[in-house]
Amino acid sequence: PAPAEDVAKAPDPSRQGIGTAERPSPPAELQKLKVWEGQWVGESHIFTSEMGPESRSKSSHRYRAVLGGMHLEGDHDFVVAGMPMQGKSSWSWNPETKQYQVVWLGNMSPMVFVYSGQFQDEKTLVLSSAFPFKGKTVTETITYVVESPDRITMNVRNNMSGEMKPRAEETFTRAMPAAKEAKAR
């Protein structure tokens, strides 16, 4: 066939689905994390451990939906043993394992920490991780309790010392109460 006939027989790209795929929407499970969005202030208590001495400090946290609402991103500032700690977190939902996943990285360690878990009830999210530390594997759990739209508590426990013990606790309070924040938008 002549070249003109080839072009005439070529499939129409508009009928091949190019650009017609729908953008996936965030999973419904991420709606439970919406309460985290916004600016938070807190009181942080770090317990004495192999990582350092006990410390207490003010903290600040900012969470926002990113990447089309598929993830929640957090920026964190507090003090550990007198040193400023900055961290970043990325929160998501894994539909294959049916678990929330949180990736944590900070300025005090080159390691990335990956936690996964589920809501135990409507208000309690329990995440766990296992990571190497000084030649052993440490198991750690973080429990978040959403006490209200304006208050969340967090407790961290790990077996760094050989038995599960408290590592950190914190109470977050929304910097601007949720009702005022909604009006401001």
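Which residues form one aromatic cluster? In this predicted model, the cluster consists of W36, Y63, W91 and Y144.

**Aromatic pairs**

The structure holds seven aromatic pairs. In one of them, the ring centres of W36 and W91 are 5.3 Å apart and the planes meet at 40°; this angle falls between the 30 degree limit for stacked and the 60 degree limit for edge-to-face, so the pair is classed as tilted. W36 sits in the loop between α1 (3-9) and β1 (38-46), while W91 belongs to strand β4 (residues 83-94), so that distant parts of the chain, 55 residues apart, are linked by the pair. Both W36 and W91 are buried.

W36 also forms an aromatic pair with Y144, and this one is edge-to-face. The two pairs that involve W36 are set out below.

| Pair | Centre to centre | Angle between planes | Class |
|---|---|---|---|
| W36 and W91 | 5.3 Å | 40° | tilted |
| W36 and Y144 | 5.7 Å | 80° | edge-to-face |

Y144 is in strand β8 (residues 136-148) and W36 is in the loop between α1 and β1, so their pair ties together parts of the chain that are 108 residues apart in sequence. Buried here means under 20% relative accessible area. W36 counts as buried because its relative accessibility is 1%. Y144 is likewise buried because its relative accessible area is 7%.

**Strand β6 and its neighbours**

Strand β6 covers residues 109-119. On one side in sequence is strand β5 (residues 99-106), which pairs with β6 in the antiparallel sense over six bridges. Within this pairing, W104 has F113 of β6 as its bridge partner. The connection from β5 to β6 is a hairpin of two residues.

Strand β6 also runs antiparallel to strand β7 (residues 124-133), and four bridges join them. Here Q118 has V126 of β7 as its bridge partner. The hairpin from β6 to β7 passes through four residues.

**Nonpolar surface patch**

L105, V112 and V114 make a nonpolar surface patch of about 250 Å². Of these residues, V112 lies in strand β6. In a regular strand, side chains alternate between the two faces of the sheet. The patch residues each have over 30% relative accessible area, because that is a condition for belonging to a patch.

Key:
Residues are numbered from 1 along each chain as its sequence is written. This is a predicted model: local features need pLDDT of at least 70, side-chain atom pairs count only at pLDDT 80 or more; totals for chains, interfaces and linings use all residues. Side-chain values use heavy atoms; hydrogens and water are left out. Patches are made of residues with over 30% relative accessible area and no salt bridge: like charges are joined within 9 Å, nonpolar side chains (Val, Leu, Ile, Met, Phe, Trp, Tyr) within 5 Å. Accessible areas come from the Shrake-Rupley method with a 1.4 Å probe; for residues, only the protein chains shown count as cover. A salt bridge is a side-chain nitrogen of Lys or Arg within 4 Å of a carboxyl oxygen of Asp or Glu. Rings of Phe, Tyr and Trp (its six-membered ring) pair if their centres lie within 6.5 Å; planes under 30 degrees apart count as stacked, over 60 as edge-to-face and the rest as tilted. Buried means under 20% relative accessible area, exposed over 50%, partly exposed in between (1.4 Å probe, protein chains only). Two strands pair if DSSP finds at least two bridges between them.
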